[in-house]
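Biologist: I would be grateful for a close look at one helix and its surroundings, written for a first-year student. Please then place that part within the wider picture.

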Amino acid sequence: MGCCTSCLAKGDDDNLYRRLLADNERDAISALLEYLENRGEVDFFSDGPLKALSTLVYSDNIDLQRSAALAFAEITEKEVRPVSRDVLEPLLILLQSSDQEVQRAACAALGNLAVNDENKVLIVDMGGLSPLIRQMMCPNIEVQCNAVGCITNLATQDKNKTKIAKSGALIPLTKLAKSPDLRVQRNATGALLNMTHSYENRKELVDAGSVPVLVQLLSSPDPDIQYYCTTALSNIAVDEANRKKLSTTEPKLVSQLVQLMDSPSPRVQCQATLALRNLASDALYQLEIVRAGGLPNLVTLLKSQHEPLVLAAVACIRNISIHPMNEALIIEAGFLEPLVDLVDYTDNPEIQCHAVSSLRNLAASSERNRQALVEAGAVKKCKDMVLTSQESVQSEISACFAILALADDLKDKLLEMGIIDVLIPLTKSPNPEVCGNSAAALANLCSRIDDYSIILKSYAGISDFISSFLDSGNSTFEHIALWTVLQLLESDNAEIKSRIKNDINSGKISLNDLTADDLNGSDEISNLIQQILELIK
């Protein structure tokens, strides 16, 4: 191995050079050469080889230190496993050398060992951060690259992240993210990304001035750097305070992310879309993404064959659709058909949930939008699949039904479509949200309709739901049941009124032992009971 034999190969000065070496150093060189010749059979982290390497490390001879550092770098490239303090200590000594060749090789060796999770923790515990931070600021590009690469590896370990954030590493990392060397940029932006996985570390990152650099690097031609920066910004945008700061300091952020949704790199597309999704947690960003031309890219991504892209896009449009001013624009942009197609995307319930939630948002405030949903087949598809869906999907669909059932213009249509046939079974779900949403939808469908024929056909199931909800001990469920009873009693249908009265008089629908303290109380349940009692006199 050249890195070690260089200690001995000194040409005409060889004999003089040998005389300058201490006996233990000569012995160490000889032993190390022998170990290297039989490297396939040698454990370099065991006593003999490690002692030989350490002897060279602690030598005052810079050539021997270089040989030791280079040997460590080569050995750790091929053998990465948990190591002891005895292995790391000489490397940390080398890291403090003023010789750039020693620095370069020592950082490389430490970075190799930092691939292992146990080593990551031990390196930081032994004080490895301070010398690595110093080496990051070395003028030598190779040293910078290896030092930052090691920090990047260390930052993937959760136990290290807070320590790195508070070590002073973020400012030099941010500076190196603008390095003219692509490798240094990649390592630095990768390290910054690794620091964005907790609220505390994101705050440290923002305070260190990293955000403008990350935004600036979105226009990098390198897809790896784009990916690291979009992902880091996506994580930063999770926090409300950060979103507010971004809205005032980074006016070009949304337009840059919208452009990256059209990137040739799927993972950049995905992270840019997720960043927009997180930003769209705020109303101002919901509008800005639309103004920046984000809808055409999103509708294209909804039709992608790449599932992570579909998930990112549908999650983003779900947030954007919350704003009432976006509803008509979203429908006009052609989102209804792909959203309806995703309702039965059974391979990924999360995609289904976001699709249904988006449709619910679009239907919330416009008769025109609700009619468009019905015509696009959204309600029928939801009805046909809800009983066999996962609970998370059932929760979203039942919430959508509850919203739709509020609309007087749609109630007759929903009843004709047979939606009541799925709502009644859903009121028996073990999931409280599904139960509550479905019962609320039923209650809404019983209110202010002209034709109660379908309600009468399903009366037995409705009566059972009312009875079970009143017996639940859950004040929310009791309230829904009582409100349903009140709507039926206030209808103009004599048969409905008669059946409800009979169920109350027979005790099937019991108004006793509810959560109201007394019938004269001022709470909503007591008020509902009083109104019901007046109507059945």
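Modeller: The account below begins with one helix and then moves outward to other parts of the chain.

This is a predicted model, in which local features need pLDDT of at least 70 and side-chain atom pairs count only at pLDDT 80 or more, while totals for chains, interfaces and linings use all residues. Residues are numbered from 1 along each chain as its sequence is written, and side-chain values use heavy atoms, with hydrogens and water left out.

The helix chosen is α18, residues 253–260 (helices are DSSP runs of H or I, at least four residues, and strands are runs of E, at least two, numbered from the N terminus). Six of its eight residues are buried, so α18 is largely enclosed by the rest of the structure. Here buried means under 20% relative accessible area, exposed means over 50%, and partly exposed lies in between, with a 1.4 Å probe and protein chains only. The buried residues of α18 are L253, V254, Q256, L257, V258 and L260. They pack against α15 (210–216), α16, α17 (240–249), α19 (266–279), α20 (283–291) and α21 (294–302).

One of these partners, α16, spans residues 223–236 and contains S234. S234 is buried, at a relative accessible area of 4%. Apart from neighbours within four places in sequence, S234 is in contact (heavy atoms within 4.5 Å) with Q271, L274, A275 and N278. Elsewhere, the charged end of R267 sits over the ring of Y227, 4.1 Å from the ring centre. For this term, NZ of Lys or CZ of Arg must be within 6 Å of the ring centre and within 35 degrees of the ring normal.

A record adds a further view of the chain. The unreviewed UniProt entry lists "repeat: ARM" at residues 86–128, 127–169, 168–210, 209–246, 252–294, 293–335 and 334–377; such annotations may be inferred rather than shown by experiment. In the model, the span 209–246 is 74% helix and 0% strand, and its end C-alpha atoms lie 12 Å apart. For residues 334–377 the corresponding values are 73% helix, 0% strand and 14 Å.

The wider interior can be described through its largest nonpolar core, which has 186 residues. Such a core is a set of buried Ala, Val, Leu, Ile, Met, Phe, Trp, Tyr and Cys residues joined through side-chain atoms within 4.5 Å. F401, I455 and I462 have the most contacts inside this core. Leaving aside residues up to four places away in sequence, I462 touches I420, I424, L442, C446, I455 and L488.

Aromatic rings complete the picture. Three aromatic pairs are found in the whole structure; rings of Phe, Tyr and Trp (its six-membered ring) pair if their centres lie within 6.5 Å, and planes under 30 degrees apart count as stacked, over 60 as edge-to-face and the rest as tilted. F469 and F477 form a stacked pair, 4.3 Å centre to centre with 15 degrees between the planes. F469 is buried at 2% relative accessible area, and F477 is buried at 12%. Ring pairs link both residues with F465 into a cluster.

A last contrast is provided by R448, in the loop between α31 (432–445) and α32 (453–457). R448 is exposed, with a relative accessible area of 57%. Although R448 is not a glycine, its phi is positive, at about 55 degrees.
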